[in-house]
Amino acid sequence: MTVTRRGLLAAGTAATALTAAPAAAAPGADGGRRLRTGFERLAADGYAPLDGQRVGVVTNPTGITRDARHIVDVMHADDRVDLVAVFGPEHGFRGTAQAGGSEGRHDDPATGLPVHDTYLKSGQPLADVFTASGVDTVVFDIQDVGARFYTYIWTLYDCMAAARLAGKRFVVLDRPNPVTGRSAQGPVLHREFATFVGREPIAQAHGMTVAELARLFNGEFLSAPVPLETVTMTGWRRSDLYDASGLPWVPPSPNMPTPDTALVYSGTCLFEGTNLSEGRGTTRPFELLGAEGIDRRWAEEANRLGLPGVRFREAYFAPTSSKFQGRTVGGIQLHVHDRAAFDPVRTGIGLLVTARRVWSGFAWRPDHWIDRLTGSPWVRTAIDAGAGTDEVVAGWRDELAAFRRVRGRYLLYR
């Protein structure tokens, strides 16, 4: 894996940030830190970066204020903003669509604003959507969950590239990485395996905020930089989990119901590349894993790995949708007891290794989707060859170190 860096000087001239000591404390009612999102800071500044601009917003139900109002509703009611369009990603602007779906082109009933569909659009077709909407500036505000294969960060990437083609400004309103921004973990995508669950070579758990990712995309991966402005948070530290933010949690997608789901997702989503259920159709997606024919031996084998911060319980469940719909399966439930020590990617690998050992029915998806999720054939072929958890994880050490060096140049917070 090679991550190239196209001069920070060029990127720096194309990107600015509304940032006033982004890691500084914002006093709360109790005298402690109070996180302020990018949107909170934008509004407090009287929307100055949007002055004189016709504005369109790329967002979904997570684009809310601290008091749970949607930013589109807030901006639409404010005469200081000329909001003329909304752009909806996968699942839609108001979140009415399931995985692999969107809401299509329509007028929003609450505001009357035209809502344009961005899902599965990129390049010139998406640039044409921005042009037809009549906007001057595209604003992005969506809550990410910290995993390379969560599609909203690639919506960000595609919208940045399309905005450049359409000659539009791009403004990113930052929100917390809910699983911290302490470090990047896991394999790095190889470009020949690029899809909408990974466009460019970043780590499986990237450890960045969306504003930091936007800076990385602009400086490393776009063929030419877009005029970019990032509105940073204040009061956020890289070690913070989502519950430290004081913000309400809105499920970014139907199978991401809680911050606990996000905590395990960058590891257990790998089971989408197997014939096991990843817990879709249950109340604990990505925390419950299983298949018909699995029993207590999997939990016992997984616990013997001694993975940090997590324990495994024998579990039985009947998904109401997706794999094994309406059938009772056996498997495990993850119980994270030390969130600071927990490594979701290593845990996901350990669970794949042990599932293959204890269940004779284990199989990869025939299309080798696991290679798209992990970014290369390494995980699949190593596990098939009998490699243990340590050996599989060691296989991406060098490429992860290279990504971490590049990542460090674009971080905005301490």
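The chain in this predicted model is built from 13 helices and 13 strands. Its radius of gyration comes out at 21 Å, close to the 22 Å that the globule rule gives for 414 residues, so the chain is as compact as a globular protein of that length. Laid along the principal axes, the C-alpha atoms fill a box of roughly 65 × 50 × 45 Å.

A good part of the chain is tucked away: buried residues account for 58% of the 414. Long-range pairs are well represented too. Among contacts with a separation of 6 or more, 75% join residues that sit 24 or more positions apart. On the outside, the chain exposes about 15300 Å², and 49% of that area is supplied by carbon and sulfur atoms.

Helix 6 gives a closer look at the buried part. This helix is mostly covered, with 11 of its 12 residues buried. Among them are Val210, Ala211, Leu213, Leu216 and Phe221, along with Glu212 and Glu220. Phenylalanine 217 belongs to this helix, which spans residues 210-221. With a relative accessible area of 0%, phenylalanine 217 is under the 20% cut-off, so it counts as buried.

What does phenylalanine 217 touch, once its neighbours within four places in sequence are left aside? The partners are Ile153, Trp154, Leu156, Tyr157, Met160 and Leu222. One of these, leucine 156, is 61 residues away in sequence from phenylalanine 217, yet the two C-alpha atoms are 9.2 Å apart in space.

Next come the open spaces. Rolling a probe the size of a water molecule over the atoms shows where empty space is left. The largest pocket has a volume of about 410 Å³. It is lined by 22 residues, and the closest to its centre are Glu90, Ala99, Thr151, Val197 and Arg280. By class, the lining of this largest pocket splits into 14 nonpolar, 5 polar and 3 charged residues.

The second largest pocket comes to about 300 Å³. Of its 21 lining residues, Val179, Thr180, Arg182, Phe342 and Pro344 are the closest to the centre. Which helices each supply at least two residues of this lining? They are helix 7, covering 259-268, and helix 9, covering 344-358. Helix 7 gives the largest share of the lining, 3 residues. Sorted by class, the lining of the second largest pocket holds 10 nonpolar, 8 polar and 3 charged residues.

Closed spaces turn up as well: the structure holds 2 cavities of 30 Å³ or more. The largest cavity has a volume of about 50 Å³. Its walls are formed by Thr62, Ile64, Thr65, Gln143, Arg175, Tyr242, Leu247, Pro248 and Val250. That lining divides into 5 nonpolar, 3 polar and 1 charged residues.

The second largest cavity has a volume of about 40 Å³. Thr118, Tyr119, Leu120, Lys121, Leu126, Thr155, Asp158, Phe196 and Arg199 line this one. Here the classes are 4 nonpolar, 2 polar and 3 charged.

Technical notes. Residues numbered from 1 in each chain as written. Predicted model: local features only at pLDDT ≥ 70, side-chain atom pairs only at ≥ 80, totals over all residues. Heavy atoms only, no water. 1 Å grid on protein atoms, 1.4 Å probe; cavity = no way out; pocket = protein on both sides within 12 Å on 5 of 7 lines; lining within 4 Å. Points joined across faces, edges and corners; volume = space filled by probe spheres on them. Nonpolar A, V, L, I, M, F, W, Y, C, P; charged D, E, K, R; others polar. Helix = DSSP H or I, 4+ residues; strand = E, 2+ residues; numbered from the N terminus. Rg over C-alpha atoms; globule rule 2.2 N^0.38 Å. Buried < 20%, exposed > 50% of the residue type's maximum accessible area, 1.4 Å probe, protein only. Contact = heavy atoms within 4.5 Å. Areas by Shrake-Rupley, 256 points an atom, 1.4 Å probe, with all protein chains shown as cover.
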